[in-house]
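Grab a pencil and open the viewer. Here are a few exercises to work through, each with its solution.

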Amino acid sequence: MSQIDITIHGVDAPAKQIPATAQRRTWGRQQAMKKGWYWLLATWGLAAATIFIPIVHFVSVPALLLAGPLVGFLIYKLHLGAVDIVTKDAICPACTQPLALEIAEAAWPLAAKCPRCGAALSITSVPQRK
Ligand SMILES: [Zn+2]
């Protein structure tokens, strides 16, 4: 895990910027495997649930049973080695409440939403000071 400095600001009010720190968390094999198994079992659970729907179950049950391992494997491959940004001491610029975010690192600036007030947020990384 490496620590990075970030700046959080609301999309509606870009002038109000909140500095914070975050950590980069890389998905390991075990975590990715757990996520893959979760989706495999969720797909099979859905197959079991659709057994009771007349006519639909002729298609849904075999399709979901076959799709389960594929979905699980794709989720595993998608998460293996992926990087999440986990905020540590962040505060929402809109509602000033503590902000705990875990978002996949994609192209900066990262887009997020405050879970408390729903404000659209933009997160930029601050170049490391030497
Ligand atoms: Zn908020």
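Start with the crossing: helix 1 passes helix 2 in a right-handed crossing. Keep in mind throughout that this is a predicted model.

**Exercise 1. Describe how helix 1 and helix 2 pack, and decide how their directions relate.**

Step 1: find the two elements. Helix 1 covers residues 29-49 and helix 2 covers residues 57-79.

Step 2: pick the numbers to quote. Two packed helices are described by the angle between their axes and the distance between the axes. For this pair the angle is about 165°, and the axes lie 7 Å apart.

Step 3: turn the angle into a word. Angles over 145 degrees count as roughly antiparallel, so helix 1 and helix 2 are roughly antiparallel to each other.

**Exercise 2. Work out how the chain is divided into domains, and say what distance separates the domain centres.**

Step 1: read off the bounds. Domain 1 takes in 2-27 + 83-126, while domain 2 is 29-79.

Step 2: take the centres over C-alpha atoms. The centre of domain 1 and that of domain 2 are separated by 32 Å.

Step 3: try two residue pairs as well. V59, which sits in helix 2, has its C-alpha atom 52 Å from that of P19, with their positions 40 residues apart along the chain. A63 is also in helix 2; its C-alpha atom and that of Q97 are separated by 45 Å, and these two are 34 residues apart along the chain.

Step 4: classify the two helix 2 residues. The cut-off for exposed is 12 or fewer C-beta neighbours within 10 Å. V59 has 10 such neighbours, so V59 counts as exposed. A63 has 13 C-beta neighbours inside 10 Å and therefore counts as partly exposed.

**Exercise 3. Find the residues that touch the most other members of the largest nonpolar core, and the strands that supply at least two residues each.**

Step 1: look at the membership. The core holds 13 residues, and those touching the most other members are I8, L99, C114, L121 and I123.

Step 2: map the core onto the strands. Strand 1 (2-10) and strand 8 (120-126) each supply at least two of its residues.

Step 3: recall the background. In soluble globular proteins, nonpolar side chains tend to be buried together.

Step 4: zoom in on one member. Setting aside residues up to four places away in sequence, L99 touches T87, A90, I91, C92 and C114.

**Exercise 4. Place I18 and I103 in their strands, then trace what each one touches.**

Step 1: begin with I18, in strand 2 (residues 17-26). With neighbours within four places in sequence left aside, I18 is in contact with I8, H9, A90, I91 and P93.

Step 2: check a long-range pair. I18 and C92 are 74 residues apart in sequence, yet their C-alpha atoms are 7.7 Å apart in space.

Step 3: do likewise for I103, in strand 6. Not counting residues up to four places away in sequence, I103 touches D84, I85, L110 and A112. From C-alpha to C-alpha, I103 and D84 are 5.4 Å apart, with a sequence separation of 19 residues.

Step 4: sort out exposure. I18 has 19 C-beta neighbours inside 10 Å, so I18 counts as partly exposed. I103 has 16 inside that radius, so I103 counts as partly exposed too.

**Exercise 5. Hunt down the backbone oddities: a cis peptide bond, and positive phi values in residues other than glycine.**

Step 1: look for the cis bond. The peptide bond from W108 to P109 is cis, with omega near -5°. P109 lies in the loop between strand 6 (102-104) and strand 7 (110-113).

Step 2: look for positive phi. I55 has phi of about 65° although it is not a glycine, and its place is in the loop between helix 1 and helix 2. T96 has phi near 55° and lies in the loop between strand 4 (90-91) and strand 5 (98-99).

Step 3: buried or exposed, for I55 and T96? I55 has 7 C-beta neighbours inside 10 Å, so I55 counts as exposed. T96 has 12 C-beta neighbours inside 10 Å, so T96 counts as exposed as well.

Definitions and conventions:
Residues are numbered from 1 along each chain as its sequence is written. This is a predicted model: local features need pLDDT of at least 70, side-chain atom pairs count only at pLDDT 80 or more; totals for chains, interfaces and linings use all residues. Domain bounds come from an automatic or database domain assignment. A nonpolar core is a set of buried Ala, Val, Leu, Ile, Met, Phe, Trp, Tyr and Cys residues joined through C-beta atoms within 7 Å. A residue is buried if 20 or more other C-beta atoms lie within 10 Å of its own, exposed if 12 or fewer, and partly exposed in between; C-beta atoms are placed from the backbone. Helices (H or I, at least four residues) and strands (E, at least two) are DSSP runs, numbered from the N terminus. Two residues are in contact if their C-beta atoms, placed from the backbone, lie within 7 Å. Axes are lines fitted to C-alpha atoms, for helices over the stretch in contact, and angles run from 0 to 180 degrees between N-to-C directions. Angles under 35 degrees count as roughly parallel, over 145 as roughly antiparallel, 65 to 115 as roughly perpendicular and the rest as oblique. A crossing is left-handed if the near helix is turned anticlockwise from the far one by less than a right angle, and right-handed if clockwise.
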